[in-house]
Amino acid sequence: MPNHDITWSVFTKPWRDLALPKLGALVREMGYQAVELPVRPGYQVLPENVARDLPPAARILAEEGVAIASVAGPADEVTIAACAEAGVPVLRVMAQVAPGRPYREEEARLRHEYDALLPLLEQHGVTLGVQNHLGDFIGNAVALDRLLAPYPPGGPGAPIAAVWDAAHEALCGVHPEHALDVIWPRLCLVNLKNAFWQRTNGPEAEQAAWRSYWTSGGHGLADWRRVLAELVRRRYQGVVCITAEYSDHDAVAGGVKQLARDDLAYARALLQEVQA
C-alpha cells in the first residue's frame with residue numbers, strides 16, 4: 001500500500017487561539033494534509049455559529065492546502081448540516097456512559113440517540129464517527145462494536161461508523177490486531193496517540209492510585225508499528241489522525257508543535273518500514 005493511501009490529519013485542539021489562516025499554515029508546515037477541527041466553546045468555530053462559520057473555515061484552510069477530515073463537535077442537526085455544506089465527511093463523538101448508571105441501559109440510551117440522528121446523517125451524507133475512550137465512555141473495540149451492532153457495518157460514508165483510538169485501546173490492554181479485527185467492518189477513521197499508566201502515590205499507600213500519562217508516539221503502551229502494520233495488511237485507505245495530546249507538552253523545545261511534528265515523522269517512518 002503506497003503512502004498516498006493514508007491521509008495524515010492532526011487534531012487542532014492545542015491551537016485554539018490561532019486565526020484560521022495561521023492555523024492552516026502551521027498544519028501545512030508541520031507536514032499534515034488535514035485536520036480534525038474542534039467545534040467547541042473557545043475555538044475558531046463555535047457551536048452556536050457552526051452553520052455560518054464552518055463552511056468558510058473549510059475554504060480558508062483549503063487555501064493553505066489543508067482539508068477538514070473530521071469535526072469534533074455536538075451531534076445535532078445544525079452541526080450535521082454544516083459539516084455537509086463544508087464538505088466534512090465525519091463528525092466525531094464519544095459514547096459517554098453516565099457514572100452510576102447500568103451499562104446496558106446506557107447502551108440503549110446511546111442507541112436511541114443515534115436512531116434519532118440516522119435520518120439526518122443519511123439526508124446530509126455525513127458519518128457519525130463514534131470513538132472508544134477510556135473512563136466513563138465506551139472504552140474499547142469490542143464494546144464499541146457491541147454498541148453499534150444494530151447498525152449496518154460500513155466505514156467511510158456509512159451513517160454511523162467507528163473511530164478507533166489506538167492509545168485508549170492499549171490502556172485497556174487489547175492487542176491492536178485483535179481490536180482492528182473486531183472493528184474493521186465499521187472503521188471510518190484511526191486515531192494515533194500514546195499513553196501509559198503512571199502511579200500517583202507511593203508504595204506506602206494502602207491502595208495504589210494511577211493516572212494515564214499522555215506521551216509521544218514511541219513511548220507508550222500503543223505499539224504504532226503494529227497498528228500501522230495491521231492497517232497495511234488490511235489495505236487501509238483513509239485518515240489517520242495524530243491527536244497531539246501530551247501530558248507535558250513543554251517537555252521539548254517547541255512544545256506541542258514540535259511533538260506533533262515529531263510524531264508525524266515517526267509514524268511516516270514506521271509506515272515505510274512496514275511497507276518494505
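What follows is a short exchange about helix packing, burial and backbone angles in a predicted model.

Biologist: At what angle do helix α1 and helix α2 pack, and is that parallel or oblique?
Modeller: Helix α1 covers residues 20-30 and helix α2 covers residues 50-63. Their axes are 8 Å apart and the angle is about 45°. Angles under 35 degrees would count as roughly parallel, and 65 to 115 as roughly perpendicular. The angle of about 45° therefore makes α1 oblique to α2.

Biologist: Which residues make that contact, and how many of them are nonpolar?
Modeller: α1 passes α2 in a right-handed crossing. From α1 come L20, P21, L23 and G24, and from α2 come A57, I60 and L61. One residue of the contact is polar and none is charged. The nonpolar count is six.

Biologist: Which residues of α1 are buried, and what arc do they fall within?
Modeller: The buried residues of α1 are L20, L23, G24, L26, V27 and M30. Seen down the axis, they line one face of the helix, because they fall within an arc of 160°.

Biologist: What covers the buried residues of α1?
Modeller: The cover includes two strands, β1 (6-11) and β2 (34-38). Helices are also part of the cover, among them α2 and α9 (255-275).

Biologist: Which residue just after α1 takes a positive phi?
Modeller: The position sits just after the helix. Its phi is about 105°, and the residue is G31.

Biologist: What about helix α3: over what arc do its buried residues spread?
Modeller: Helix α3 runs over residues 77-86, and its buried residues are T79, I80, A82, C83 and A86. They sit on the same side of α3, because the arc they cover around the axis is only 165°.

Biologist: What covers the buried residues of α3, and which residue follows the helix with a positive phi?
Modeller: The cover includes α2, β3 (67-72), β4 (90-94) and α4 (103-124). After α3 comes a residue with phi near 75°, and that residue is G87.

Biologist: V97 lies in a loop. Is V97 buried or exposed?
Modeller: The loop joins β4 and α4. Leaving aside neighbours within four places in sequence, V97 contacts Y103, E106, D136, F137 and I138. Its relative accessible area is 9%. Buried means under 20%, so V97 is buried.

Biologist: How far apart in space are V97 and G139?
Modeller: In sequence, V97 and G139 are 42 residues apart. In space, C-alpha to C-alpha, they are 9.8 Å apart.

Biologist: Where is T127, and what is its relative accessible area?
Modeller: T127 is in strand β5, residues 127-131. Beyond its neighbours within four places in sequence, its contacts include P89, V90, L91, L121, G155 and C188. T127 is buried, with a relative accessible area of 1%.

Biologist: How do α7 and α8 cross, and how many charged residues are in their contact?
Modeller: Helix α7 (residues 176-183) and helix α8 (residues 224-233) cross at roughly 40°, with axes that come within 9 Å. That makes α7 oblique to α8, and the crossing is right-handed. P176, E177 and L180 in α7 meet R226, V227, E230 and L231 in α8. Four of the contact residues are nonpolar, none is polar, and the charged ones number three.

Biologist: R235 has a positive phi. Is R235 buried or exposed?
Modeller: Phi of R235 is near 60°, and the residue is not a glycine. R235 lies in the loop between α8 and β10 (238-242). Exposed means over 50% relative accessible area. R235 is at 63%, so it counts as exposed.

Biologist: A244 has a positive phi too. Is A244 buried or exposed?
Modeller: Phi of A244 is near 55°, again in a residue other than glycine. A244 is in the loop between β10 and α9. With a relative accessible area of 8%, A244 is buried.

Biologist: Which residues does A170 contact, leaving aside its neighbours within four places in sequence?
Modeller: A170 is in helix α6, residues 166-171. A170 is buried, with a relative accessible area of 12%. Its contacts are L221 and A222.

Methods: Residues numbered from 1 in each chain as written. Predicted model: local features only at pLDDT ≥ 70, side-chain atom pairs only at ≥ 80, totals over all residues. Heavy atoms only, no water. Axes fitted to C-alpha atoms, helices over the stretch in contact; angles between N-to-C directions. Helix = DSSP H or I, 4+ residues; strand = E, 2+ residues; numbered from the N terminus. Parallel < 35°, antiparallel > 145°, perpendicular 65-115°, else oblique. Left-handed = near helix turned anticlockwise from the far one by under 90°. Contact = heavy atoms within 4.5 Å. Nonpolar A, V, L, I, M, F, W, Y, C, P; charged D, E, K, R; others polar. Buried < 20%, exposed > 50% of the residue type's maximum accessible area, 1.4 Å probe, protein only. Arc of directions from axis to C-beta.
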